[in-house]
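User: Could you walk me through this model before I set anything up? I'd like the fold, the ring pairs and the pockets, with the cut-offs spelled out.

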Amino acid sequence: MRQADFFTSSTMATQATAASSATSAIQSNVRATAATASTGSFNSVFQQVQGEVARFIEQGGGTAGTTLSPQGRAYLEQTQSSNVLGNINQGGEIGEVQQQFLASIKPWAEETGARLGVAPEVVAAHAALESGWGQHPLRQGTGANAGSDTNNLFGIKAGAKWQGDVTTALTTEYEGGSGTALKKTERFRSYPDQASAFRDYAQVLLDNPRYRTALNTGSDAGAFAQGLARGGYATDPNYAAKLTQLATRLQRSALTGN
């Protein structure tokens with residue numbers, strides 16, 4: 001799926017700068033560890049740290065007694081403070097733009113969550129991840145409605161069986177073996193409004209047996225995200241970790257009111 005190319009438009013320039021600084025700090029921390037290994041490479045160690053943090057997040061962020069290595073803690077702290085995942089500020093609070101987006105989709109997130117058997121914050125997080133908090137929507141590329149919003153908040157592609165409106169857009173896909181990111185032009189579904197998008201999204205997950213393990217996972221964001229990833233919802237190898245972290249933030253925000 002699309003992930004709004006993970007918020008890469010010019011409106012995210014400040015976040016990109018912060019992310020670059022965070023990556024440098026993470027790499028410095030991990031490179032020191034890699035340097036102590038005679039045969040290990042920096043890249044392999046860095047990937048190990050990424051995997052460690054992904055598992056930590058998916059297991060509840062320490063609620064199950066899991067702990068992180070010093071390198072893992074540095075990676076997690078830098079990732080969170082740089083706003084890379086979800087455009088949330090350093091204090092863990094959700095900004096005004098994000099709050100407006102969540103408020104606008106709240107009725108549909110609640111309805112969809114009830115249909116899927118998952119918490120509405122998890123559904124909202126998925127919409128935020130795929131659409132860049134609604135700031136980078138898929139738009140019609142041609143015709144009388146060129147430039148108009150497709151309301152496709154979940155990056156759902158238009159397969160051969162889709163009978164509705166369609167738009168084409170450039171998206172990032174990852175090759176299975178190497179994990180290489182490639183830009184491709186794909187066909188995506190277009191909806192008349194957000195309600196239609198949410199209802200179709202729910203139907204896609206309910207009708208496709210590949211996503212069965214994602215259903216009825218309640219507030220377990222990690223289980224939902226893993227179910228989507230195993231079902232092939234996206235080709236990004238880090239998709240489950242991204243969605244889990246963002247959903248966990250929204251759930252904590254709902255509990256604390258921040």
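Analyst: What follows goes through the overall fold, the aromatic pairs, one pocket and a few backbone details.

User: Fine, what should I know about the source and numbering?

Analyst: This is a predicted model, in which local features need pLDDT of at least 70 and side-chain atom pairs count only at pLDDT 80 or more, while totals for chains, interfaces and linings use all residues. Residues are numbered from 1 along each chain as its sequence is written, and side-chain values use heavy atoms, with hydrogens and water left out.

User: How many helices and strands are there, and in what pattern?

Analyst: The protein has 8 helices and 2 strands, taking DSSP runs of H or I with at least four residues as helices and runs of E with at least two as strands, numbered from the N terminus. Along the sequence they follow the pattern α-α-α-α-α-β-β-α-α-α.

User: What share of the residues is buried, and what about the surface and contacts?

Analyst: Buried residues make up 45% of the 258 residues, where buried means under 20% relative accessible area, exposed over 50% and partly exposed in between, with a 1.4 Å probe and protein chains only. The accessible surface comes to about 12500 Å², and 49% of that belongs to carbon and sulfur atoms; the areas come from the Shrake-Rupley method with a 1.4 Å probe, and for residues only the protein chains shown count as cover. Among contacts between residues at least 6 apart in sequence, 63% join residues at least 24 apart, a contact being heavy atoms within 4.5 Å.

User: OK, rings. How many aromatic pairs does the structure hold?

Analyst: There are 6 aromatic pairs, counted when rings of Phe, Tyr and Trp (its six-membered ring) have centres within 6.5 Å, with planes under 30 degrees apart called stacked, over 60 edge-to-face and the rest tilted. In one of them, Phe-154 and Tyr-201 have ring centres 3.7 Å apart and planes at 5 degrees, so this pair is stacked.

User: Where do those two residues sit in the chain?

Analyst: Phe-154 is in the loop between α5 (120–131) and β1 (165–174), whereas Tyr-201 is in helix α6 (residues 194–207), so the pair links distant parts of the chain, 47 residues apart. Phe-154 counts as buried at 1% relative accessibility, and Tyr-201 does too at 0%. Ring pairs also bring in Phe-198, which forms a cluster with Phe-154 and Tyr-201.

User: Switching topic, what lines the second largest pocket?

Analyst: That pocket has 16 lining residues, and the closest to its centre are Leu-102, Lys-106, Glu-121, Leu-250 and Ala-254. The elements giving two or more residues to the lining are α4 (96–116), α5 and α8 (239–256), with the largest share, 7 residues, coming from α4.

User: And how does the lining divide into nonpolar, polar and charged?

Analyst: It divides into 9 nonpolar, 4 polar and 3 charged residues, with Ala, Val, Leu, Ile, Met, Phe, Trp, Tyr, Cys and Pro taken as nonpolar, Asp, Glu, Lys and Arg as charged, and the others, Gly among them, as polar.User: What counts as a pocket here?

Analyst: On a 1 Å grid over the protein atoms alone, a pocket is an open set of points with protein on both sides within 12 Å along at least five of seven lines, and lining residues have an atom within 4 Å of a point.

User: Last one, is Trp-133 buried or exposed?

Analyst: Trp-133 counts as buried, at 1% relative accessibility, and has a positive phi of about 60 degrees although it is not a glycine.

Definitions and conventions:
1 Å grid on protein atoms, 1.4 Å probe; cavity = no way out; pocket = protein on both sides within 12 Å on 5 of 7 lines; lining within 4 Å.
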